[in-house]
Amino acid sequence: MESADPQSMAPIIQIFGFSVQAGPLATLVGFVAGLWLSSRLAALRRLDGGAINDAGFYGAVAGLIAARAGYVVVHWPAYAAEPLSALMPGLTALLPWTGWPAGLAVAGWIAWRKGLVRADLLDVL
């Protein structure tokens, strides 16, 4: 007996006529809510909430780009015939162990550049 493809079993939510997988949508909503909460808590600690939003946003973008680039490098034979297909978006074509370190590095660098690297930052996050 063959096992079912996990992508075919993923729950789908219909939003304004668009079909969206529930997992990535829940991740996005959780990330945005966490970033919003962190920026609000930053104000209580006299930290710049806008800088926390910047670090989180640019860290997430860098992480997604690095995760996609890592996936393309690992699966290069599949992209060699049509290299431009590597630019097509897809949430299943990401490599987390290249995305997470890159995203955290960019977010950490931005936080350091904006003077957020201190003990209060850990309380906010």
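Student: Before we count anything, what counts as a helix or a strand here?
Tutor: Helices and strands are DSSP runs, numbered from the N terminus. A helix needs at least four residues (H or I), a strand at least two (E). Keep in mind that this is a predicted model.

Student: Okay, so how many helices and strands are in the chain?
Tutor: The chain has 5 helices and 2 strands.

Student: In what order do the elements run from the N terminus?
Tutor: The order is β-β-α-α-α-α-α.

Student: What share of the chain is buried?
Tutor: Buried residues make up 26% of the 125 residues.

Student: Let's talk pockets. What volume does the largest pocket have?
Tutor: The volume is about 1,200 Å³.

Student: Which residues lie nearest its centre?
Tutor: Phe31, Gly56, Gly59, Ala60 and Trp100 do. They belong to a lining of 34 residues. The elements giving two or more residues to that lining are α1 (22-44), α2 (49-74), α4 (96-113) and α5 (119-124).

Student: And how do the lining residues divide into nonpolar, polar and charged?
Tutor: There are 24 nonpolar and 10 polar residues. No charged residue is in the lining of the largest pocket.

Student: Speaking of charge, how many salt bridges are there?
Tutor: The count comes to 1 salt bridge. Side chains of opposite charge can pair when their charged atoms come close.

Student: Which side chains meet in it?
Tutor: Lys114 and Asp54, at 3.1 Å from N to O. The pair links distant parts of the chain, 60 residues apart. Lys114 sits in the loop between α4 and α5, and Asp54 is in helix α2.

Student: Are those two buried, exposed or partly exposed, and why?
Tutor: Lys114 counts as partly exposed because its relative accessibility is 44%. Asp54 counts as partly exposed too, because its value is 29%. Partly exposed is the range between under 20%, which is buried, and over 50%, which is exposed.

Student: What about Arg68, where is its place?
Tutor: Arg68 is in helix α2. Arg68 is buried, yet has no salt bridge.

Student: How far away is the nearest side chain of opposite charge?
Tutor: That is Glu82, 11 Å away from Arg68.

Student: So what does the side chain of Arg68 reach?
Tutor: The Arg68 side chain reaches the backbone oxygen of Ala93, at 3.2 Å.

Student: Where does Ala67 lie, and is it buried or exposed?
Tutor: Ala67 lies in helix α2. Ala67 counts as buried because its relative accessibility is 6%.

Student: How far apart are Ala67 and Thr98?
Tutor: In sequence, 31 residues. In space, their C-alpha atoms are 5.2 Å apart.

Student: Now the loops. What's found between α1 and α2?
Tutor: Asp48 is in that loop, and Arg46 is found there too. Asp48 is partly exposed, with a relative accessible area of 46%. The C-alpha atoms of Asp48 and Leu116 are separated by 7.8 Å, with their positions 68 residues apart along the chain counted as the sequence separation.

Student: And what is phi like at Arg46?
Tutor: Phi of Arg46 is near 60 degrees, a positive value in a residue other than glycine. Arg46 counts as exposed because its relative accessibility is 76%.

Student: What about phi at Phe16?
Tutor: Phe16 has a positive phi of about 50 degrees, although it is not a glycine. Phe16 is in the loop between β1 (12-15) and β2 (18-21). At 81% relative accessibility, Phe16 counts as exposed.

Key
Residues are numbered from 1 along each chain as its sequence is written. This is a predicted model: local features need pLDDT of at least 70, side-chain atom pairs count only at pLDDT 80 or more; totals for chains, interfaces and linings use all residues. Side-chain values use heavy atoms; hydrogens and water are left out. On a 1 Å grid over the protein atoms alone, a cavity is a set of points where a 1.4 Å probe fits but cannot get out, and a pocket is an open set with protein on both sides within 12 Å along at least five of seven lines; lining residues have an atom within 4 Å of a point. Grid points are joined across faces, edges and corners, and a volume is the space filled by probe spheres set on the points. Ala, Val, Leu, Ile, Met, Phe, Trp, Tyr, Cys and Pro count as nonpolar, Asp, Glu, Lys and Arg as charged, and the others, Gly among them, as polar. Buried means under 20% relative accessible area, exposed over 50%, partly exposed in between (1.4 Å probe, protein chains only). Lys and Arg count as positive and Asp and Glu as negative; His and the chain ends are not counted. A salt bridge is a side-chain nitrogen of Lys or Arg within 4 Å of a carboxyl oxygen of Asp or Glu. A polar contact is a pair of N or O atoms within 3.5 Å; within protein, one must be able to donate a hydrogen and the other to accept it, and residues adjacent in sequence count only if both atoms are side-chain atoms.
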